[in-house]
Structure formats: structure tokens, C-alpha cells
Amino acid sequence: MVEVRAERASRTKRVRVIGVGPGDPSMVTVEALEAMRSVEFFVVSDKSPRGGMPDPLVAARGRLLDVHLGHEPAVARIEDPARERRPERTGTQAEYEAAVEAWHEARSMAYEEALLAYEGDAGFLVWGDPAFYDSTIRILERVARRGSLELKIDVIAGISSVQLLAARHRIVLHEVGQPLHVTTGRRLREAVAQGQDNIVVMLNRVIDLPGLDDWQIWWGGNLGNPSEELVAGRVADVMPEIEAARARARVAAGWVMDIYLLRAPDAPAAVEA
């Protein structure tokens, strides 16, 4: 358990950060299921624009709760603060980090308001595993530091898209004794320049692989969902197929979250299960 104590806390609240896997209700662990059933309410961020289409990820979380709880739980739905994404404002790493910092601060204030508004233990449902490129733990720590709440934070591990990518393609992500580098699409070129030759890439707005035509790629989109797509092969040969699969996944689900393994042509080959 990670415990964060606020020096001037006036209230104590248990918060459970629950990894719920990539979306398939059958991939929720028994521990996560028990945690979901132990809380009095859930905090959910809604990214749907005002007057726009409903956030499909909010609906997906709702389906998970319907399947596993058998009743409609209390949900504190917050309007997710706008985040600066324009390339001209986030082009450098410093600009990107400043944009994320502002977004985290705004989100933490919204989380704090929701936590103060409801009595009892709170649950946050996190896609995959909270350890991989998710801000929930950091934002809750920020809430605790402000001092209006004393938070006792539980983190429940979930099945990640990293694991599911390997399982779906029936591969081991690394050869015996070899390293695995995990990064974001934004920092892929940096990883390649550093000499990384076995790379899992997450958080992809686009897939841009210049100079990597001969690398092997194992790609998955919307893993663990009905809109799941898989493609594997030499980069230059399968990129059109990947783009078509991304488009199908977005149309089917209203969103696309993808991940892929890249391996240099002279790196150890993936091992079939």
C-alpha cells in the first residue's frame, strides 16, 4: 500500500486505484473485483465535449461496473479539464511537460472536489495497469499535499496492454537475457538514436516510423475489446494495413488505443510460444 499523509488533513479517506485491464470484463482480476465491491463510489473523468458525443471510455467503464457489481454504483463524474495538445504549443519536451503539469493541477482540483462531495471509500478505475503511463496516482498525491484530505491510497495491479500484446501475438517480448525498452510514440526517435533495438511503444497519436522500414513490428489496437485489431510483419510491408486497422478500430469503438513492439533487423528474434 502507498500511503500519502497530508500534514493539515481534516478528513481521512481511503482511495482505491484499480487496474481493470484493457477492457474485457473477463480480464479483471479477482483482487480488482474485490476492490471494486469494497468502495462506496467511483470517480470517473468524462472527456466528452460540451454538447458533443458521450465519452466512449466512460461508457466502457460503466459496462465493467454493470457486469461485475450487479447494481448501479454511485459515480462522481467530473468534466475532464481541457489539455493543451496543439503541436505548436507542445513541440518541445519542456512545452509538453508544462502542458501536462497544468492539466494535472486542474485534474487534481476536480478530483479533490469529488472526493469531498461523497462519503466513504472511493474507487478510480484505471485502464490496464496503473504503473504504465497513467497519471491517477500522481494526481491523488497532489490532492493529498494540498492538505484538505488525508488519503490512504491502495493500488491494485491490472493486466496491461503490454502483457496482452505479447499474448495475442504469441511472442516473448525479449530474448533470453535481453533488455526491453518501453517508451511513448513521442519519444520513439530518441530511443532509436540511443541504440535501443527492442522497443514497446505506447501513447500513439500517430504511427510515424521513418527509417525503420526493415524493422519488425507487432501491433495491437483496442486490445481486449470487441474492436481489437492485430497486425505483424516488416514495417514497410504492413504500415498500410496498420493504418487501415487503426481506422476500423476508431470507427467501431469511437476511440483507438494502440501499442506495438518494434525490433531491429539485427536484434534477437521474437520467440514463439
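How many aromatic pairs does the structure hold? I looked this up first and found two aromatic pairs. I counted rings of Phe, Tyr and Trp (its six-membered ring) as a pair if their centres lie within 6.5 Å; planes under 30 degrees apart are stacked, over 60 edge-to-face and the rest tilted.

**Basis.** The model is predicted: local features need pLDDT of at least 70, side-chain atom pairs count only at pLDDT 80 or more, and totals for chains, interfaces and linings use all residues. Residues are numbered from 1 along each chain as its sequence is written, and side-chain values use heavy atoms, with hydrogens and water left out.

**Entry on F41 and Y118.** I found these two rings stacked, 4.8 Å centre to centre with 20 degrees between the planes. F41 lies in strand β3 (residues 41-46) and Y118 in the loop between α3 (93-117) and β5, so the pair ties together parts that are 77 residues apart in sequence. Helices (H or I, at least four residues) and strands (E, at least two) are DSSP runs, numbered from the N terminus. I then checked accessibility, where buried means under 20% relative accessible area, exposed over 50% and partly exposed in between (1.4 Å probe, protein chains only). F41 counts as buried because its relative accessibility is 0%; Y118, at 30%, counts as partly exposed.

**Entry on Y111 and F124.** I noted that this pair is tilted, with 4.9 Å between centres and 55 degrees between planes. It links distant parts of the chain, Y111 in helix α3 and F124 in strand β5, 13 residues apart. Y111 is buried at 3% relative accessibility, and F124 is buried at 3%.

**Entry on helix α1.** Which residues of α1 (residues 30-38) are buried? I listed A32, L33, A35 and M36. They cover an arc of only 160 degrees around the axis (taken from the directions from the helix axis to the C-beta atoms), which puts them on the same side of α1. V30, E34 and R37 are exposed on the other side. Elements that cover the buried residues include β2 (12-19), β3, α2 (56-69), β5 and β6 (150-156), where contact means heavy atoms within 4.5 Å.

**Entry on F132.** I located F132 in the loop between β5 (122-126) and α4 (136-146). At 32% relative accessibility, F132 counts as partly exposed.
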